[in-house]
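This report introduces a protein structure to a reader who has not met it before. It proceeds from the domains of one chain to its overall form, a helix pair and the contact with a partner chain.

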Amino acid sequence: MSILTFILFLPLFGAGLVAMLPKSAKGLIRAVALASTALPLLCAILAFLSFNGAEAGPGGYKFYQKVAWVTALDINYQVGADGINIGLILMGSIVSFAAVCVSRSIQDRTKEFHFLMLIMIAGIMGTFMSIDIFFFYFFHELALVPTFIMIGVWGRGKNKDYATYKMTLYLTLGALVALVGLVLLYVQSGAKTFDLIALQEQLRNNPISADAQTTIFGFLLFGFGILVSLWPFHTWAPVGYGAAPTATAMLHAGVLKKFGIYGLIRIALPLVPQGAQAWLEVLAWLCMGNILYCGWVAMRQKNLNKLIGNSSVAHMGFVFLGIASMNLIGISGAVLVMIAHGFLAALSFGLSGYLYDQKKTLDMDQYGGALRQMPFMGSLLVMAMMAGCGLPGFANFAGEITVLFGAWKSLPWFVTGTAWGALIIGAVYALRAVRKMLHGPVANDTLPLQDAANYWIKLPYVLLVASLLLFGIFPSLLTDKIRTSVAEVVKSIEAGTQDQQTNLAEESVKTGLDIQLAGQD
Amino acid sequence: MNIAASILEIAVIGLGIAVMLADLWLPREKKIWLGYAAAAGLTLILFGSFSMSGNPATLAFGDMYILDAFALFFKRFFLIAAILVMIVSIEYSPKFQTGKGEYFTLVLFALAGMMFSASANHFALLFVSMELMTITFYVLTSFLRNQILSLEAGIKYLILGALSSGFLVYGIALVYGTTSTMDFATLREKSALMTDNPLLLVGLLMIIGGLGFKIAAFPFQFWAPDVYQGSPSSTTAFLAVGSKAAGFALLMRLLFVAVPDITLQWEKLLMVIAGITILYGNLCALPQRNLKRLLGYSSIANAGYLMMGIAAMSASGSTAILYYLYSYMFTVIAAFLIIILVMKHTGAEDIVHLAKLHERAPGLAGVMTLSMVSLAGIPPLAGFFGKFLLFEAVIEQASAQSSYYLLAAVAIVGVVISLYYYFGVIRTIYWGKQQMIPEDIQISPASNAALWVCSVVIIYLGIMPERLMQAATAAVESLKF
């Protein structure tokens, strides 16, 4: 039994326990939920620490486990970790634990909320550790219904129904489009398997034709793109996160949303590299839309959650930029940004949830001088905002700078230049939010803000900030692992696209030969 | 003559006659026991069916009747459906002022019709089994004799049903006229040589039209919403599950066993039918406020998804249909049972009556959620794996014939639309605004058991699809792809 299986099934087991507890036993429910995310967190830390020494299984995946599921279609429950997802799994378990911690404020239907949250967490964990493309999809969708109900029942705002539906319909559409791409891969590869390792092996030896690759990558790009709020399919994200309860926004914006990017890096790039090259230019332009347009929209926001939502969409642009660079540095950077942004998004939404619980509004005009009322939580918010605009010392800086280096190498200079310039936009809205909410005269109202009263309340936020700082100061903890695995991906890309080049070369040699022969005649 | 092959049907008819006779002597207040007895009898027959094997195939009644793995698969399906429907009927029967015993008997006779249809290897048996089923349903749909809606449903079903029977007979006549055979095995050889005979093609199209009426596929779907809404809920459940499955069993055998060479020319036609049915059903379901009517449109949409499996014209497509039918059966019957339990005393089955169900009966709310989520096709439930198999079958064909991409795209649009109204039901359950004084909900042990079975199977088929997949794959082998 792999340690990853524990990380996946403990929350599910916890959900089962919660379902059986009586409604009134709120304390017990909280305890079960905390335990069934704290234990996976310990497992994840253990796995992360022992990663380098662990024995590599098939396909270079560590902590590998495989159980046959549907033999007729060759679908297997298959989990494993390499440098790309080990960081995501660690990030996911930290954010999950933090999300359960901050859910203490849920007083209405506590049991149902924790049940749904644990199911969602299991879905998240399963998504990032599956190396079977069927389960990869399966676990992602598992989290969909809990998200829907959580936003609907415990969400906030007048138009939460609209937000709930918008988010659910967008996510389903994206997932289904991606599913078509995945099934096409299954059918066209001729391998008749959903096993990622076997697929990779098959495609390395017999690549799919360039046209088919272009089709498949198109489906995967837009399917996964919708899920990661690729411009112009991003509109669900700010609305949805604005209406979501704190824990749901943390889990979704922080972790689950990365499903799409992870899918592109894990499946689309190495398996259909020629298709990726064909779509590269489109992707580069669309990610400009994310970085510039959504950054600009974020500047105009008056509501803190909308600001964070839009800025998180803008950050996704950097990840897409890294993917579009298609080289070792760029993709490694993309993975790093993914992890860093997971911590950051969870921290920001966690803090905004803390503020909302006290003031029942996130309208920034209603706040002022908050730093004086709550020095501790206020400074955390300053740190989150600074991390968001890419201050060195936080993990986001390490990721974004790497992406820019990667992009500089392979994309036109103005793309990289614009992305670099867009960092200024990020600084503008982050600093404006800090000025408006935290500095200045204390807002006049009946509800003064309370600072976090004890260590228990501080714990989840501190955990997230500490992770941001840890990986910001020692990014090599992650990059060493990421680089080796991304190197494999890049190798597949190069091998895949070289075939095309050699084919072209051979063809030109042949036509040249034909011309020569014709000339001799 | 090999009567033993049709022992299951004979047992069901015998059970029906026994229930009918017992009805004569039983005092009025004890008639409900007839339902339990029928359900128990059907359970025995279901167990008995596992001692039979469809491999190798047995022919009977002058080759009119075939017992192969495919037929046996469907017979078990119909038996399970009838057992569950029987429990649903018992729950619903207090609404019948007279004739409870007759209702149970009629369900059994309709079941016999469905089981015969699974074995039809000849147009005569095809027609007779269809009629046995349909005529019984005319009575079942209008069983609430004092309710105008139920009578309206009965009349509508009668008129359109008679029309479709006319299509069917006319088509059969044309096919017989051109090929001088009604036997599927002979037709397979003869039709291969006559793939462009216009009379034969027109005849077959008419037969498909007649069957399309049963499965409620476009353009023969008009009756479905009205009949679903007006009929007694137990009849609606049986109509949605049994009648549809019987239509598909006949359609598959006709298209893939009797006239496979002609079917190959019709991929575009089948795709168009599937696509339009999906869009029609889903779009019309959007504004519905009545839950039964909503499920009526959703059943049209589901007929469209199932038609995708036919349009794929492959073994994997047919396997997907068989799998999907099972998942559909358990989800739909669970939904109808809950409708009956929650809306026992309200006249109309409006969705708002489900408001706050979550607080009144958390268990029922959970099962209804499961059923809606499964219908929407979201993992880890049965409906997801069924839809996944159908998508897989369609996309498999797309590499050879790119118009299948269009079908897949239409299906995706359909699924996204359907999410809106299925999730609308979930929304009402968990955070809808209550407008009525809630009724107290009582659940009989049998209904409780049925709900448990349905929810466990919905989850089981989503998490452990292997067993049913194997059975479906084996059944499809009889279709000779």
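## Domains and contacts of chain B

In this predicted model, the C-alpha centres of domain 1 of chain B and domain 2 of chain B are 21 Å apart. According to the domain assignment, domain 1 of chain B comprises 1-163 + 217-247, while domain 2 of chain B covers 266-481. Where the two meet, domain 1 of chain B contributes 29 residues and domain 2 of chain B contributes 38 residues. On the side of domain 1 of chain B that touches domain 2 of chain B, at least two residues each are supplied by α3 (69-92), α9 (223-230) and α10 (233-258) of chain B. The largest share of that side, 12 residues, is provided by α3(B).

Chain B as a whole contains 20 helices and 2 strands. Its radius of gyration is 21 Å, close to the 23 Å that the globule rule gives for 481 residues, so chain B is as compact as a globular protein of that length. Taken along the principal axes, the C-alpha atoms of chain B fill a box of roughly 65 × 55 × 40 Å.

Two packed helices are described by the angle between their axes and the distance between the axes. In chain B, helix α6 (residues 148-179) packs against helix α8 (residues 198-215) at an angle of about 155°, and their axes are 7 Å apart. Angles over 145 degrees count as roughly antiparallel, and α6(B) and α8(B) are therefore roughly antiparallel to each other. The crossing of α6(B) and α8(B) is left-handed.

Chain B also touches chain A, and this contact takes 25 residues from chain B and 25 residues from chain A. On the side of chain B that touches chain A, the elements giving two or more residues are α17 (382-398), α18 (403-431) and α20 (466-476) of chain B. Of these, α18(B) gives the most, with 11 residues.

The table sets out the residue classes of three contacts described above.

| Contact | Nonpolar | Polar | Charged |
|---|---|---|---|
| Side of domain 1 of chain B that touches domain 2 of chain B | 21 residues | 5 residues | 3 residues |
| Contact of α6(B) with α8(B) | 14 residues | 9 residues | no residues |
| Side of chain B that touches chain A | 18 residues | 3 residues | 4 residues |

Technical notes: Residues numbered from 1 in each chain as written. Chains lettered and ligands numbered in written order. Predicted model: local features only at pLDDT ≥ 70, side-chain atom pairs only at ≥ 80, totals over all residues. Contact = placed C-beta atoms within 7 Å. Helix = DSSP H or I, 4+ residues; strand = E, 2+ residues; numbered from the N terminus. Nonpolar A, V, L, I, M, F, W, Y, C, P; charged D, E, K, R; others polar. Axes fitted to C-alpha atoms, helices over the stretch in contact; angles between N-to-C directions. Parallel < 35°, antiparallel > 145°, perpendicular 65-115°, else oblique. Left-handed = near helix turned anticlockwise from the far one by under 90°. Domains from an automatic or database assignment. Rg over C-alpha atoms; globule rule 2.2 N^0.38 Å.
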